Structures are given as structure tokens and as C-alpha cells.
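Here are my notes for anyone opening this one for the first time. Have the structure on screen and go through the points in order.

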Amino acid sequence: HDEIDFEFLGNIRGKNWRIQTNIYGNGSTSIGREERYNLWFDPSDDFHQYSILWTDSQIIFYIDGIPIRE
């Protein structure tokens, strides 16, 4: 079971939106599996680009071209 993804955690009215990134491979990883981040925008107001660069040596999560996790 392998997993690399973004997850929206929901929102409480008046608080910042949060997103969670996940890295999970073969049952475990050597670094933090889940990390959470506050978004600097309301993702329901407009379209945004969420992307992941995945190579044999690194994984980088991006929002609108800005790296948020490496």
C-alpha cells in the first residue's frame, strides 16, 4: 500500500483552512507521514493548482507553484 496525496480537513467558519499532505510507502516511511498546513487563502473562492513532484530521491508538494513540503 503506497500513498502520496493532499487532503482538505474541512473548515470551521472564521478559521483558516487546513490541508494535510500524506506520504506512505510499503507500510511506513522514515520521515513524518502526515503533515498539516494552514492555507493562506480560501480554496472555495477560486481554482488553485495542487501538484506533487515525485522523483527517486525526493517528493515536493506545491500549491499554486509554491513548495509547501519537501
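1. Going along the sequence, the pattern is β-β-β-β-β-β. That comes to six strands and zero helices. Keep in mind that this is a predicted model.

2. On overall dimensions: along the principal axes, the C-alpha atoms fill a box of roughly 35 × 25 × 15 Å. The protein has 70 residues, and 23% of them count as buried. About 5200 Å² is exposed, with carbon and sulfur atoms supplying 47% of that area.

3. How do the contacts spread along the chain? Take the contacts between residues at least 6 apart in sequence: 35% of these join residues at least 24 apart.

4. Next, the inside. Which residues make up the largest nonpolar core? There are nine: Phe6, Ile19, Ile23, Leu39, Phe41, Ile59, Phe61, Ile63 and Ile68. Two elements give two or more residues each, namely strand 2 (18-25) and strand 5 (59-63). Strand 5 has the largest share, with three residues.

5. Leu39 is a handy core member to click on. Setting aside residues up to four places away in sequence, Leu39 touches Phe8, Asn16, Trp17, Ile19 and Ile63. Of these partners, Ile19 and Ile63 also belong to the largest nonpolar core.

6. Now the charges. The protein carries 6 positive and 12 negative side chains. The centres of the two sets lie 12 Å apart.

7. How many salt bridges does a search of the whole structure find? The count is two. One of them pairs Arg33 with Glu34, and the closest N and O atoms there are 3.5 Å apart. Both partners are partly exposed: Arg33 has a relative accessible area of 40%, and Glu34 comes in at 43%.

8. The other salt bridge joins Arg69 to Glu35, with 3.6 Å between the closest N and O atoms. Arg69 sits in strand 6 (residues 66-69) and Glu35 in strand 3 (residues 34-38), so this pair ties together parts that are 34 residues apart in sequence. Glu35 is partly exposed, with a relative accessible area of 30%.

9. Is Arg69 buried or exposed? Arg69 has a relative accessible area of 5%, so it counts as buried, the cut-off being under 20%. There is also a sequence-distant residue to look up from here: Asn22 is 47 residues away from Arg69 in sequence, yet the two C-alpha atoms are 10 Å apart in space.

10. Last, go back to Glu34, which lies in strand 3. What does Glu34 contact, leaving aside its neighbours within four places in sequence? The list is Gln20, Thr21, Asn22 and Arg69. So Arg69 turns up twice in these notes, in contact with Glu34 and in a salt bridge with Glu35. Glu34 and Ile23 are also worth checking: they are 11 residues apart in sequence, and their C-alpha atoms are 6.6 Å apart. Ile23 is one of the residues of the largest nonpolar core, whereas Glu34 is partly exposed.

Technical notes. Residues numbered from 1 in each chain as written. Predicted model: local features only at pLDDT ≥ 70, side-chain atom pairs only at ≥ 80, totals over all residues. Heavy atoms only, no water. Core = buried A, V, L, I, M, F, W, Y, C linked by side-chain atoms within 4.5 Å. Buried < 20%, exposed > 50% of the residue type's maximum accessible area, 1.4 Å probe, protein only. Helix = DSSP H or I, 4+ residues; strand = E, 2+ residues; numbered from the N terminus. Contact = heavy atoms within 4.5 Å. Salt bridge = Lys/Arg side-chain N within 4 Å of Asp/Glu carboxyl O. Areas by Shrake-Rupley, 256 points an atom, 1.4 Å probe, with all protein chains shown as cover. Lys, Arg positive; Asp, Glu negative; His and termini not counted. Charge placed at Lys NZ, Arg CZ, Asp CG, Glu CD.
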